[in-house]
Amino acid sequence: MIRSFLRQLSPIVISKSEVAFCTTLVKTFLSSSTHVRTMSLDDAKKCAAYKAVDEYVKDNTVIGIGSGSTVVYAVHRVAERVKAEGLKLVCVPTSFQARQLIIEHGLTLGDLECNPRLDCAIDGADEVDAKMVLIKGGGGCLLQEKIVASCAERLIVIADYTKDSSKLGQQYRKGIPIEVVPMAYVPIKAKVEQRFAGSLKLRMAVAKAGPVVTDNGNFILDWHFDDNKEYDWDAVNREIMMIPGVVDTGLFVGMATKAYFGQPDGSVTERKA
């Protein structure tokens, strides 16, 4: 088909060898284009993480290091810049995973006791809506993630395009995590279901018998809400937080400064609060 098209363009000027050469070029271009269009989610995460780190990580600053698969690329990029540019940074982790990433990459490990104010925190999200409300906690680290984010001047979110939604629940179907004191999980489940409907499920572990236990020794209830309803997420979050035994929720309302979404074609879209 390509050969026929090229000959129709100029049947006299283009020789057989030129047709063969042009055919090879076109095939190479088409192959390359197809590759870009089918970029993996990991590549999309990497693009978002690298751009965020390049724009927000500065010399002589304290940064919060989030948790999750996208943050792995952010830490790798931070380490590259520290080595190449000699940046002086202190990195405060949001989880055991984040702490190990910082140590493995030879970065300076800090904590909130010595660094109560952070210049920025870079973290992932399970979903981001049009108003920059986040669902976080799919990896079970919501409490420490929210504490670190609250101490940061800016919370920068990095994610792939599947986390970008117009409203919560549009793409992420695993519910909103609620971290709870173990002894209270049954009454909390009943109270949230009675007040807001939907269903809450105790998150079960995969490699151990029984429920997931967070880094803080708590359980997680995943609230599967009715995504056809409209919610005032700030009000919902505040009301759930008032239930005795609730430690925190995976709703991050009014906290994110900017979000970067890696796209299938290698580009990165941005959204500001």
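## A tour from loop to core

Start by selecting Glu230, which sits in the loop between strand 9 (219-224) and helix 8 (233-241). The model on your screen is predicted. Is Glu230 buried or exposed? Glu230 is exposed, because its relative accessibility is 68%, and the cut-off for exposed is over 50%. Now add Lys167. The C-alpha atoms of Glu230 and Lys167 are separated by 9.0 Å, although the two lie 63 residues apart along the chain.

**Stop two: helix 5**

Select residues 96-104, which form helix 5. Begin just before the helix, at Ser95. A side-chain oxygen of Ser95 comes within 3.4 Å of the backbone nitrogen of Gln97, at the start of helix 5. Next, show the side chains of Ala98, Leu101 and Ile102, the buried residues of this helix. Look down the axis of helix 5: these buried residues fall within an arc of 100°, so they line one face. An α-helix has 3.6 residues a turn, so residues three or four places apart point the same way.

Turn to the face directed away from the buried side. Phe96 and Glu104 are exposed there. Then bring up what covers the buried residues of helix 5: the cover includes strand 1 (61-65), helix 4 (69-85) and strand 2 (89-93). Finish at Gly106, which follows helix 5 and has a positive phi, near 70°.

**Stop three: the cores**

Which residues touch the most other members of the largest nonpolar core? Select Val57, Ile63, Ile65 and Ile122; they do so in a core of 26 residues. Helix 3 (41-56), strand 1, helix 4, strand 2, helix 5, strand 3 (120-123) and strand 6 (155-160) each give two or more residues to this core.

Zoom in on Ile65. Setting aside neighbours within four places in sequence, the contacts of Ile65 include Val71, Val75, Cys91 and Val92. Ala98 and Ile102, also among the contacts of Ile65, are buried residues of helix 5. Ile122 is another contact of Ile65.

Now move to Leu200, Phe219, Phe225 and Leu251. They are among the 23 residues of a second, separate core.

**Last stop: helix 3**

Place a distance between the end C-alpha atoms of helix 3. They are 23 Å apart, which agrees with the 22 Å that its 16 residues should span at 1.5 Å a residue. Colour the buried residues of helix 3: Ala44, Lys45, Ala48, Ala49, Tyr50, Ala52, Val53 and Tyr56. Their cover includes helix 4, strand 3, strand 6, strand 12 (258-262) and strand 13 (268-272).

Technical notes:
Residues are numbered from 1 along each chain as its sequence is written. This is a predicted model: local features need pLDDT of at least 70, side-chain atom pairs count only at pLDDT 80 or more; totals for chains, interfaces and linings use all residues. Side-chain values use heavy atoms; hydrogens and water are left out. Buried means under 20% relative accessible area, exposed over 50%, partly exposed in between (1.4 Å probe, protein chains only). Helices (H or I, at least four residues) and strands (E, at least two) are DSSP runs, numbered from the N terminus. The arc is that of the directions from the helix axis to the C-beta atoms. Contact means heavy atoms within 4.5 Å. A polar contact is a pair of N or O atoms within 3.5 Å; within protein, one must be able to donate a hydrogen and the other to accept it, and residues adjacent in sequence count only if both atoms are side-chain atoms. A nonpolar core is a set of buried Ala, Val, Leu, Ile, Met, Phe, Trp, Tyr and Cys residues joined through side-chain atoms within 4.5 Å. The expected span of a helix is 1.5 Å times one less than its number of residues.
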